[in-house]
Amino acid sequence: MNTQIAADAVAHPVAGQPVVRVATAHDDAFVEELQAIAFGPGRFARTAFRVRERFPIDTSLSLIAEVDGTPCGSVWMTPISVGGRKGYLLGPLATHPNFRKRGAGKLLAREVSARALARGEGDFVLLVGDQDYYCPLGWETTTPGNIQFPGPVDPNRVLLLSDDKALAKTLSGAIAAFDAR
């Protein structure tokens with residue numbers, strides 16, 4: 001996975017361009033408001049939300065995007081396992097409408113995934129999202145129905161990022177705790 005773009009953006013901020021930092025407790029109200037704007041009241045019924053109810057997010061992988069010091073996006077990462085293989089569930093990823101089309105969402109997706117996989121504890125990053133948005137960033141479609149979520153998902157929107165290019169087609173099982181065997 002090429003993370004040079006994300007690394008450059010973090011190391012060399014350019015006025016008007018997004019940068020990424022780890023979220024703090026001071027960001028909680030912003031993140032809650034942003035998720036409400038981006039996903040509405042139905043966000044609590046989404047299957048990915050059910051996963052996060054069962055397994056806590058990793059706060060060290062909760063990131064905020066900023067443009068010129070103003071928070072504009074956020075992403076969470078939840079440690080999970082599928083079929084005994086450790087990985088992460090990305091999401092929710094949201095960008096404030098006033099800051100869309102500046103690359104904050106893609107920067108957040110790349111950066112949080114790079115940080116998670118660099119730990120060497122998980123083999124993949126899974127998400128439910130739009131192929132047109134995520135596949136150009138390296139995500140691949142999974143085999144429909146192979147990964148069981150705790151609720152309905154469109155199997156064509158289940159995407160996986162891994163250095164093991166065969167994993168997207170072969171990973172199967174129910175989403176479970178990170179340390180499930």
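The following questions and answers go through a predicted model, taking its helices, its nonpolar cores, its salt bridges and its backbone in turn.

Reader: Which residues of helix H2 are buried, and on which side of H2 do they lie?
Author: In H2, which runs over residues 28-39, burial falls on Phe30, Val31, Leu34 and Gln35. They cover an arc of only 125° around the axis, which puts them on the same side of H2. An α-helix has 3.6 residues a turn, so residues three or four places apart point the same way. The answer is therefore Phe30, Val31, Leu34 and Gln35, on the same side of H2.

Reader: Against which strands do the buried residues of H2 pack, and which exposed residues are carried by the face turned away?
Author: The face of H2 turned away from its buried side carries exposed residues, namely Asp28, Ala29 and Glu33. On the other hand, the buried residues of H2 pack against strands, and these are S2, S3 and S4.

Reader: What span should H2 have for its number of residues, and how far apart are its end C-alpha atoms?
Author: H2 has 12 residues, and at 1.5 Å a residue these should span 16 Å. The end C-alpha atoms agree with that expectation, since the distance between them is 16 Å.

Reader: How many of the residues of helix H4 are buried?
Author: H4 covers residues 104-118, and its buried residues include Leu107, Leu108, Val112 and Leu117, as well as the polar or charged Ser113 and Glu111. Because so much of H4 is buried, the helix is largely enclosed by the rest of the structure. The count is 11 of the 15 residues.

Reader: Which element gives the most to the largest nonpolar core?
Author: The largest nonpolar core has 27 residues, and those with the most contacts inside it are Met77, Leu90, Val125, Tyr134 and Trp139. At least two residues of this core come from each of S2, S3, S4, H4, S5 and S8. With 7 residues, the element that gives the most to this core is H4.

Reader: Which residues of H4 does Trp139 touch?
Author: Leaving aside residues up to four places away in sequence, Trp139 touches a set that includes Leu90, Val125, Tyr134 and Leu161. Also among the residues touched by Trp139 are two that are listed as buried in H4. These two are Ala109 and Ser113.

Reader: Where in the chain do the partners Asp58 and Arg119 lie, and how many residues apart are they?
Author: The side chains of Asp58 and Arg119 meet in a salt bridge, at 2.6 Å from N to O. Asp58 lies in the loop between H3 and S2, whereas Arg119 lies in the loop between H4 and S5, and the pair thus links distant parts of the chain. Asp58 counts as buried because its relative accessibility is 16%, under the cut-off of 20%, while Arg119 is partly exposed at 34%. The separation in sequence is 61 residues.

Reader: Which residues are linked with Arg21 in a network of salt bridges?
Author: Arg21 forms a salt bridge with Asp27, the closest N and O atoms being 2.8 Å apart. Of this pair, Arg21 is partly exposed, with a relative accessible area of 25%, and Asp27 is buried at 5%. The residues linked with Arg21 in the network are Asp27 and Glu66.

Reader: Is Thr47 buried or exposed, and what is its relative accessible area?
Author: Thr47 is in helix H3, residues 47-54, and it touches Phe149, Pro150, Gly151, Pro152 and Val153, not counting residues up to four places away in sequence. Thr47 and Phe149 are 102 residues apart in sequence, yet their C-alpha atoms are 7.0 Å apart in space. Thr47 is buried, and the value is 7%.

Reader: Which peptide bond is cis, and what is its omega?
Author: Most residues other than glycine have a negative phi, and most peptide bonds are trans. A cis peptide bond joins Gly91 and Pro92, and Pro92 is found in strand S4, residues 85-95. The omega of the bond between Gly91 and Pro92 is about 0°.

Reader: What is the phi of Lys101, and where is this residue found?
Author: Lys101 is found in the loop between S4 and H4, and it counts as exposed at 85% relative accessibility. Its phi is positive although the residue is not glycine, with a value near 70°.

Terms used: Residues numbered from 1 in each chain as written. Predicted model: local features only at pLDDT ≥ 70, side-chain atom pairs only at ≥ 80, totals over all residues. Heavy atoms only, no water. Helix = DSSP H or I, 4+ residues; strand = E, 2+ residues; numbered from the N terminus. Buried < 20%, exposed > 50% of the residue type's maximum accessible area, 1.4 Å probe, protein only. Contact = heavy atoms within 4.5 Å. Expected span 1.5 Å × (residues − 1). Arc of directions from axis to C-beta. Core = buried A, V, L, I, M, F, W, Y, C linked by side-chain atoms within 4.5 Å. Salt bridge = Lys/Arg side-chain N within 4 Å of Asp/Glu carboxyl O.
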